[in-house]
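Let's walk through a protein model together, step by step. Have the sequence and the 3D view ready, and follow along.

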Amino acid sequence: LGLGADSNTPDRWTEHISEFDDILSKLNASSAPNSTVNSEDEERDKDVEAAGKKKRKRAKNLYTKFKKHKNLSSLSEKELTHIFGESKQESDSSLPIPLEQEKSSSIEPESKPTEDLSGIKTVTSSLSLSEYFNLKKTAIRTEN
């Protein structure tokens with residue numbers, strides 16, 4: 001049946017309910033002076049929550065600024081050249097080749113550039129290493 005219940009009196013359960021309600025009301029009344037402490041805790045919790053929201057909002061704003069400035073599709077071609085500089089194709093075709101480079105290229109025998117493998121350009125030449133560097137030394141000496 002339960003704690004404190006008798007089988008002799010079946011209507012006693014209503015008395016238990018009323019006693020339980022009385023106990024709860026006494027507990028609530030005794031915790032009323034502590035309500036100021038609870039309200040201070042609640043205020044502190046609200047402040048912490050507001051600070052957390054402010055941090056998240058600031059982080060979101062920084063992220064959106066980052067994404068906005070990273071997007072280069074809205075920039076003009078002139079702005080892009082200011083950011084990245086001139087491309088190699090434009091700079092190579094617009095600048096004349098100095099005479100010194102023409103002389104050094106005429107000294108060197110033909111070399112064949114091979115396929116571009118993952119950004120690495122390999123050049124095969126008929127010269128050995130010692131011959132190549134001897135040609136470079138003589139080219140430097142003739143310049144001076």
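## The overall picture

Among contacts between residues at least 6 apart in sequence, what percentage join residues at least 24 apart? In this protein that share is 17%, where contact means heavy atoms within 4.5 Å.

Before going further, keep in mind that this is a predicted model, where local features need pLDDT of at least 70, side-chain atom pairs count only at pLDDT 80 or more, and totals for chains, interfaces and linings use all residues. Residues are numbered from 1 along each chain as its sequence is written, and side-chain values use heavy atoms, with hydrogens and water left out.

The protein has six helices and two strands; these are DSSP runs, with helices being H or I of at least four residues and strands E of at least two, numbered from the N terminus. Going along the sequence, you'll meet them in the pattern α-α-α-α-α-β-β-α.

## How sure is the model?

The confidence score here is pLDDT, which the predictor gives each residue from 0 to 100. The mean for the protein is 76, with 65% of its residues reaching 70 or more. Among the elements, helix α6 (residues 129-143) has the highest mean, 92, and helix α5 (residues 99-107) the lowest, 51. Where pLDDT is low, the predicted coordinates should not be read in detail.

## Out in the open

Of the 144 residues, buried ones make up 1%. Buried means under 20% relative accessible area, exposed means over 50%, and partly exposed is in between (1.4 Å probe, protein chains only). The accessible surface comes to about 13,700 Å², and 56% of that belongs to carbon and sulfur atoms. Such areas come from the Shrake-Rupley method with a 1.4 Å probe; for residues, only the protein chains shown count as cover.

Now find Phe20, Ile23, Leu24 and Leu27, which form a nonpolar surface patch with about 390 Å² of accessible area together. Patches take residues with over 30% relative accessible area and no salt bridge, joining like charges within 9 Å and nonpolar side chains (Val, Leu, Ile, Met, Phe, Trp, Tyr) within 5 Å. Leu24 sits in helix α1 (residues 13-30) and is partly exposed, at 36%.

## One salt bridge

How many salt bridges does a search of the whole structure find? Just one turns up, counting a side-chain nitrogen of Lys or Arg within 4 Å of a carboxyl oxygen of Asp or Glu. The partners are Lys53 and Glu49, at 3.7 Å from N to O.

They are four residues apart in helix α2 (residues 35-70), so about one helical turn separates them. An α-helix has 3.6 residues a turn, so residues three or four places apart point the same way. Lys53 is partly exposed at 49% relative accessibility, and Glu49 is partly exposed at 46%.

## Around helix α3

Helix α3 (residues 77-84) is hardly covered, with zero buried residues among its eight. Leu80 belongs to this helix and is partly exposed at 25%. Setting aside neighbours within four places in sequence, Leu80 contacts Leu72, Leu75 and Gly85. Gly85 comes after α3 and has a positive phi, near 85°.

## A pair of rings

Rings of Phe, Tyr and Trp (its six-membered ring) pair if their centres lie within 6.5 Å; planes under 30 degrees apart count as stacked, over 60 as edge-to-face and the rest as tilted. That rule gives one aromatic pair. Tyr132 and Phe133 form it edge-to-face, with 5.2 Å centre to centre and 75° between the planes. Tyr132 is partly exposed at 33% relative accessibility, and Phe133 is partly exposed at 47%.
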